[in-house]
Amino acid sequence: MQYITRELERKFLQMDKFFKVVLVTGARQVGKTTMLKHLAKGTNRTYVSLDDLMARELAQSEPALFFQTYKPPILIDEVQHAPQLFEHIKLMCEDIEETGQFWLTGSGQYSMMKHVRETLAGRIGILELYSLSQREKNGTFFDSPLDFSLDTLQERQRLLPPNDITEVFEHIWRGGMPQVLEADEEMRQEYYSSYVDTYLMRDVAELGGVTDLAKFMKLLKACAALTAEQVNYAILAQAADISQPTAKDWVRLLEGLGIIYLLQPYSHNELKRLVKTPKLYFCDTGLCAYLSMWLTRDTLMNGAASGYYFENYVVIELLKNYAYGKTKANLCYYRDSNAKEIDVFVELNGFVHPLEIKKSAAPNRKEIKKYELLDKASIPRGCGGIVCMCDSPVPIDEKNLFIPSNLI
């Protein structure tokens, strides 16, 4: 299979020149190893995977001997299996001047990140890789940061074909795991079935200490049924026949394994009575569609859940955009106790960019009336609008536009 250029490469190579250790986290099979092996081509970097039991046992029991066997510069795959290495990496960092000596990948953020932060603070750059974005599949990268202005959106549009709902739902239904890109319907289903059984359930047992995998599977499917909705631990607990505290722990585990993303609610002193519950999204919509048994693109596109999947897609594309881009942004959503909701707030450079997400090609422009609550609370507001299936960016008023979903 031909290598697909990843948007994170740019940021990774910059961090490699700045830090002695660079860690790429993310769910299993999203392409972490493939990307780093590609970047290491033509160099003398040693490669070792801790999925290999002999290498893992050596790393766990004899870290000093491990590094005599596998010398830096080194790429250590699935480093979460041997947190014992972090202390030794710290000592080695004190003796070397060169940056980029240790490249690490890890899938189990759940327990690993605690060790990383305690041991390697100040020496390590941490990045997260997600499954392929629609931009990466198309091989299109944008130079200008996404600020939702008409100029930026028009500049992006010049690089892309028109927005197309069939293409969007093909991406949503298929997902972004590199291995499913060229799979037919049957093989796609077999891939996700194997992914859940071999990777996810093994990690859940090993890293999360979960013993009842049948109940965990029920919770996972219940999460898929509630995608793009507020997390409801009572419903999840009931679906899996577990207690609410256990449901909460398992949701946190899925978040740590990079399977789901929890979009936090907005909080601001000026705005009272805001909800405190996050919304749940799947980092890979293909996995979500598989778990909910949407067996073809068209049944998903025309089904009752299509609006939720479209929202999931937009939120995760935004997440990838800012994770890989030069400009950091905070994503959250707005909801108050009167059930007034705005799908996404992008907090960027001191401004809030409010966004509604609609699968329609011609949504009701009155949706933006809700944004007035920001002005009433004197919160600085940037450009925003409605992310939808329209063909090209169209101004609604001086601050808001209809924004084609493929431009994010």
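Strand E12 (residues 384-388) and strand E14 (residues 400-404) run parallel and are joined by five bridges. Within that pair, Gly-384 has Asn-400 of E14 as its bridge partner. Strands here are DSSP runs of E with at least two residues, helices are runs of H or I with at least four, and both are numbered from the N terminus. Two strands are said to pair if DSSP finds at least two bridges between them.

A word on where this comes from: the model is predicted, with local features needing pLDDT of at least 70 and side-chain atom pairs counting only at pLDDT 80 or more, while totals for chains, interfaces and linings use all residues. Residues are numbered from 1 along each chain as its sequence is written, and side-chain values use heavy atoms, leaving out hydrogens and water.

Back to the sheet. E12 and E14 sit in an open, six-stranded sheet with mixed pairing, in the order E9-E10-E11-E12-E14-E13. Its edges are strand E9 (330-335) and strand E13 (394-395), each of which pairs on one side only.

Now for strand E1, which has parallel partners in both E4 and E5.

| Pair | Partner residues | Bridges | Sense | Example |
|---|---|---|---|---|
| E1 and E4 | residues 102-106 | five bridges | parallel | Val-22 with Trp-103 |
| E1 and E5 | residues 124-128 | five bridges | parallel | Val-22 with Gly-125 |

So what encloses E1 (residues 21-25)? Five of its five residues are buried, so the rest of the structure largely encloses this strand. Buried means under 20% relative accessible area, against over 50% for exposed and partly exposed in between, using a 1.4 Å probe and protein chains only. Both faces of E1 are covered, with Val-21, Leu-23 and Thr-25 buried on one side and Val-22 and Val-24 buried on the other.

Zooming out, the protein has 17 helices and 14 strands. Its radius of gyration is 22 Å, close to the 22 Å that the globule rule gives for 408 residues, so the protein is as compact as a globular protein of that length. That radius is taken over C-alpha atoms, and the rule is 2.2 Å times the number of residues to the power 0.38. The C-alpha trace spans about 65 × 50 × 45 Å along its principal axes.

Buried residues make up 55% of the 408. Of the contacts (heavy atoms within 4.5 Å) with a separation of 6 or more, 69% are between residues 24 or more positions apart.
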